[in-house]
Every structure is written in structure tokens, then in C-alpha cells.
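Here is a short report on the cysteines of a predicted model, with a look at one aspartate afterwards. Have the structure open as you read.

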Amino acid sequence: LGGGAMQCLEDAIAESERKYMKDDEGREISVGLLQCNWDSSALTTEMTKIWIGEVLGYHCHIHPEIGTLAASPIWALAGCITFDDDKDKGCGLKETTIH
């Protein structure tokens, strides 16, 4: 799993036919997912990426930084760019790319 243009589902929407979302300035962006550092997160994040891309038809990526806290996805979804920092989560500085 992960990475290539291979499709998992028989009736998947082809990557070339997938759509982008638009940010506040009208730029095309893919749906961003945050994976955390435990096995079940890796599995559910990859399954969610497949579902968003192949069933819903949106471009999707997994954020390169791995969340280390149980609340990391919530902070990331809220737009906090340093979601694992206990002292300053960096919230409200820019539009989130993790959905």
C-alpha cells in the first residue's frame, strides 16, 4: 500500500479523474490526513486515503509529519501547525491542509 498509482478497489475512480478541493484563496489542494505513530493509525489512515481517493474521487495525501499524541489529529484539524508541541501548538497562523 501507499505511494503508487495502483488502485485497491475494483471500481475505483482513476487518479486522473480525481478532483481537488479549493483553499480560501481558490488554489487547488488535496485532502490531507495526519497519521499517528501507532499501528492502528497507520492502517486507518491508509484505508481513509483509499476511500477518499477511490470512492469519493478526491486527491489525497498523508502529511509527512507523524503525530505522537492522541490529540494530535484534533489539533491538526483545527489548523495548528505544531500540533505535537505541549507549549505552543501554532494555532491560527495559516489555513489547515489537514482535513
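Cys91 is partly exposed, because its relative accessible area is 38% and the partly exposed range runs from 20% to 50%. Its partner is Cys80: a disulfide joins the two, with 1.9 Å from S to S. The pair links distant parts of the chain, 11 residues apart. Both Cys80 and Cys91 lie in the segment after helix H2 (72-77). The link of Cys80 and Cys91 is right-handed, with 95° about the S-S bond. Cys80 counts as buried, at 3% relative accessibility.

The structure holds one disulfide. Why is Cys8 not bonded to Cys60? The sulfur of Cys60 is the closest cysteine sulfur to that of Cys8, but it is 13 Å away, so it is too far for a bond. Cys36 is in a like position: its closest cysteine sulfur, in Cys80, is 14 Å away, too far for a bond.

Here is how four cysteines compare in accessibility.

| Cysteine | Relative accessible area | Class |
|---|---|---|
| Cys8 | 42% | partly exposed |
| Cys36 | 2% | buried |
| Cys80 | 3% | buried |
| Cys91 | 38% | partly exposed |

Now turn to the aspartate. Asp23 sits in the loop between strand E1 (21-22) and strand E2 (28-29). Is Asp23 buried or exposed? Asp23 counts as buried, because its relative accessibility is 9% and the cut-off is under 20%. Its side chain makes a polar contact of 2.8 Å with the side chain of Arg27. Leaving aside residues up to four places away in sequence, Asp23 touches Ile29 and Glu95.

Note on methods:
Residues are numbered from 1 along each chain as its sequence is written. This is a predicted model: local features need pLDDT of at least 70, side-chain atom pairs count only at pLDDT 80 or more; totals for chains, interfaces and linings use all residues. Side-chain values use heavy atoms; hydrogens and water are left out. Helices (H or I, at least four residues) and strands (E, at least two) are DSSP runs, numbered from the N terminus. Buried means under 20% relative accessible area, exposed over 50%, partly exposed in between (1.4 Å probe, protein chains only). A polar contact is a pair of N or O atoms within 3.5 Å; within protein, one must be able to donate a hydrogen and the other to accept it, and residues adjacent in sequence count only if both atoms are side-chain atoms. Contact means heavy atoms within 4.5 Å. A disulfide is a pair of cysteine sulfur atoms within 2.5 Å.
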